[in-house]
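User: Hey, I've got this protein open and I'm a bit lost. Can you walk me through it?
Analyst: Sure, let's look at it together.

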Amino acid sequence: MVTSSVPRLVIAAPSSGSGKTTVATGLMAAFAARGLAVSPHKVGPDYIDPGYHALATGRVGRNLDAYLCGPELVGPLFAHGARGCDLAVVEGVMGLYDGAAGEGELASTAQVAKLLRAPVVLVVDASSQARSVAALVHGFVSWDPEVRVGGVILNKVGSDRHEELLREALEAVGVPVLGVLRRAPQVDTPSRHLGLVPVAERGAAAVEAVAAMRAQVADGCDLEGLLGLARSAGSLSGAGWDAAEVLGSSPPPPLPVPTPGAAPPDPRFGPGRASSSNAGRAESTGLRPVVAVAGGAAFTFSYAEHAELLAAAGAEVVTFDPLRDEQLPDGTRGLVIGGGFPEVYASELSANEPLRKAVAELALGGAPVAAECAGLLYLCRELDGRPMCGVLDAAARMTGRLTLGYRDAVAVGDSSLVAAGGRMRGHEFHRTVVEPGAGAAPAWGVRAPERRVEGFVQLGVHASYLHTHWASAPGVARRFVERCRTS
C-alpha cells in the first residue's frame, strides 16, 4: 500500500464568479516562485483553467472529476499528478456544494475535498457585503461537518475600512482570514461564449495575467499560513494511477531522440506528446503506430491522461496544429481531434485546404479517428458556411443556445473506440449544433436530458459532442491503438 502525504489545499467558493481561478492560479504561481514543485488540479471537466494552472506551475494541469471517472479514481489520479511534488493546489468548480444535477454531492468540490482529505479555503466575493459575510461563511462551514473549511480569502475588498468590518464579523465564526484581495481589474481574464479565453490563444497576455495574479495573491495572502494549512491534510492510502498498469502492459520502448532544434514538449499536453513543430517529422517506430493529436489555438481541450494511455498502449503520440501544419505527421495511422474553438477559427481552418484534404483522405481510408465536440465540427462538411474536412455529411453552425451537462451514454454499435453496448459517462459544453445530429450509425445513445442518439460512426471514425475521460475506461485507448496497427 502506497501512502501519499503531499500537502494540499482545495480552493472553493460559495458560487461561480467569486474569484477561484484568480486565487488558485495566483497561489500556484506564488508558491512555484518560492521554488516549490506545485501540482495543479481542477475539479470537474473544465479544460481551460488547467491551462492557466500549467502556465503558473510549469506542470500539467489535471482534472479530478468524480462523475466522469468515478469517486474511486479521484485519489489515484491526484496521487499520479502530485507524485514528487511539494504542494498540490486544487481549484474547485462552481459553488462548494454544487455537483452533478440531481446526484447529490457527486462531482462537487466538497466531495473531492473529502476524498482527498484536504482542507478547504473559501474564496468569498465581499464586494457587496459587510457583516453578512459571517452568516455566509458560517453556513458553508456548518453545512457538512465532514468538509473542513480551514480558512477564508476575502476577494474584491474595497477599502481598509471595508476589510476591518469583514474581519470583525468573521471573528465570531472562528475561521481564520488567510487573505484579503482588493479589487484589481488588471488580473481579470477575458471571457467569451464558453468561459475564459484559453492560454494558447493569448500568448504573452496570458503570461502577464498569471504574473499579475501571482503578485496580487503574494501581496494579499498569508502564504505561510496557507502552507501550514496544506500540511495539515490527512494522508491518502493507495497507489497512484499509472497508465501502463491500468492497461496491464509494460511501458512502451523509449521515444526516438527529438530532432535537434525542435521545440520541447508542451507541458499542457503531458508526456509522450511532442510539440506541433514536429508535425511532418514523426514516423512509426516498429510496432508503435503514430497517433496524431490536434493541438494549437483551435483545439486546446485535452486531458493529459489520454496521451499517456495512448503511449502506454503502444502508440507514438505527436501533436500537430490544424491552423499551421499543412500535412499530418509522417506515418500517421490514427487521429485524435479533441475539443476547442473551431468556430472562432473557422476561416483559418477552412483556408488550410491541404490539411483538410489530408484528414479526409486518412478518415475515408478507414484509419481510426476519434473526434470530440470541436473535432466533430471540423470533420463536418461545413462550419458556419465555411468548408471543413467533409468527412461527415453534416453541417455545423453557431447558435445562441448553450448545451451543458453531464451525460450517461451507451455505444450504439461497434467503433474504433468502444464495442456495442459499452457504457461511458461524458460531458457536453457547446453553443453549436450539427445537422443532422446523428448519422446512419450513431455514436451514442444518451439518456439525459432526453433520450436520443447522437454522433457518427463510419469506417474508423467515431465523432460525437461528448467529451469523455479515458481514465474511466482505459480499454478505449488500447482498442484505438490496436485498430491503428491493423487498419
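**A walk through the model**

Analyst: Let's begin with the whole protein: of its 487 residues, 58% are buried. Keep in mind that this is a predicted model.

User: How many helices and strands are there in the protein?
Analyst: The protein has 15 helices and 25 strands.

User: And what about the surface, how much does the protein expose?
Analyst: About 18500 Å² is exposed, and carbon and sulfur atoms supply 52% of that.

User: What share of the contacts comes from residues 24 or more positions apart?
Analyst: Taking the contacts with a separation of 6 or more, 76% of them are between residues 24 or more positions apart.

User: Ok, helices now. How do people describe two packed helices?
Analyst: With the angle between their axes and the distance between those axes.

User: Then what are the angle and distance for α1 and α2?
Analyst: Helix α1 covers residues 20–33 and helix α2 covers residues 48–57; they pack at an angle of about 20°, and their axes are 8 Å apart. Angles under 35 degrees count as roughly parallel, so α1 is roughly parallel to α2.

User: Is that crossing left-handed or right-handed?
Analyst: The crossing of α1 and α2 is right-handed.

User: Which residues of α1 and α2 meet?
Analyst: From α1 you have Thr21, Thr25, Met28, Ala29 and Ala32, and they meet Asp49, Tyr52, His53, Ala56 and Thr57 from α2. Sorted by class, this contact of α1 with α2 has five nonpolar, four polar and one charged residues.

User: Tell me about Asp49. Is it buried or exposed?
Analyst: Asp49, which sits in helix α2, counts as buried because its relative accessibility is 7%, and buried means under 20%.

User: What is Asp49 in contact with, leaving aside neighbours within four places in sequence?
Analyst: With those neighbours left aside, Asp49 is in contact with Thr21, Lys42, Glu91 and Leu196.

User: Back to α1. At what angle do α1 and α9 pack?
Analyst: The angle between α1 and helix α9 (residues 223–230) is about 95°, with the axes 12 Å apart. Angles of 65 to 115 degrees count as roughly perpendicular, so α1 and α9 are roughly perpendicular to each other.

User: Which residues of α1 and α9 meet?
Analyst: Leu27, Ala30 and Phe31 in α1 meet Leu223, Leu226 and Leu227 in α9. By class, the contact of α1 with α9 has six nonpolar residues, no polar ones and no charged ones.

User: And α2 with α8, how do their axes cross?
Analyst: The axes of α2 and helix α8 (residues 204–220) cross at roughly 75° and come within 10 Å. That makes α2 and α8 roughly perpendicular to each other. On the α2 side the contact is made by Tyr52, Leu55 and Ala56, and on the α8 side by Ala206, Val207 and Val210. This contact of α2 with α8 also sorts by class into six nonpolar, no polar and no charged residues.

User: New topic: backbone oddities. What do most residues and peptide bonds look like?
Analyst: Most residues other than glycine have a negative phi, and most peptide bonds are trans.

User: So where is there a cis peptide bond?
Analyst: A cis peptide bond joins Glu435 and Pro436, with omega at about -5°. Pro436 is in the loop between β20 (423–435) and β21 (444–446).

User: What is phi for Met94?
Analyst: Phi of Met94 is positive, about 50°, although Met94 is not a glycine. You'll find Met94 in the loop between β5 (87–91) and α4 (109–116), and its relative accessible area of 35% makes Met94 partly exposed.

User: And what about phi of Leu459?
Analyst: Leu459 is a residue other than glycine, and its phi is a positive value near 50°. Leu459 lies in the loop between β23 (456–458) and β24 (461–464). With a relative accessible area of 62%, Leu459 is exposed.

User: Last one: where is Trp143, and is it buried or exposed?
Analyst: Trp143 is in helix α5 (residues 132–143), and a relative accessible area of 65% makes Trp143 exposed. From C-alpha to C-alpha, Trp143 and Tyr97 are 9.0 Å apart in space, with their positions 46 residues apart in sequence counted as the separation.

Technical notes
Residues are numbered from 1 along each chain as its sequence is written. This is a predicted model: local features need pLDDT of at least 70, side-chain atom pairs count only at pLDDT 80 or more; totals for chains, interfaces and linings use all residues. Side-chain values use heavy atoms; hydrogens and water are left out. Axes are lines fitted to C-alpha atoms, for helices over the stretch in contact, and angles run from 0 to 180 degrees between N-to-C directions. Helices (H or I, at least four residues) and strands (E, at least two) are DSSP runs, numbered from the N terminus. Angles under 35 degrees count as roughly parallel, over 145 as roughly antiparallel, 65 to 115 as roughly perpendicular and the rest as oblique. A crossing is left-handed if the near helix is turned anticlockwise from the far one by less than a right angle, and right-handed if clockwise. Contact means heavy atoms within 4.5 Å. Ala, Val, Leu, Ile, Met, Phe, Trp, Tyr, Cys and Pro count as nonpolar, Asp, Glu, Lys and Arg as charged, and the others, Gly among them, as polar. Buried means under 20% relative accessible area, exposed over 50%, partly exposed in between (1.4 Å probe, protein chains only). Accessible areas come from the Shrake-Rupley method with a 1.4 Å probe; for residues, only the protein chains shown count as cover.
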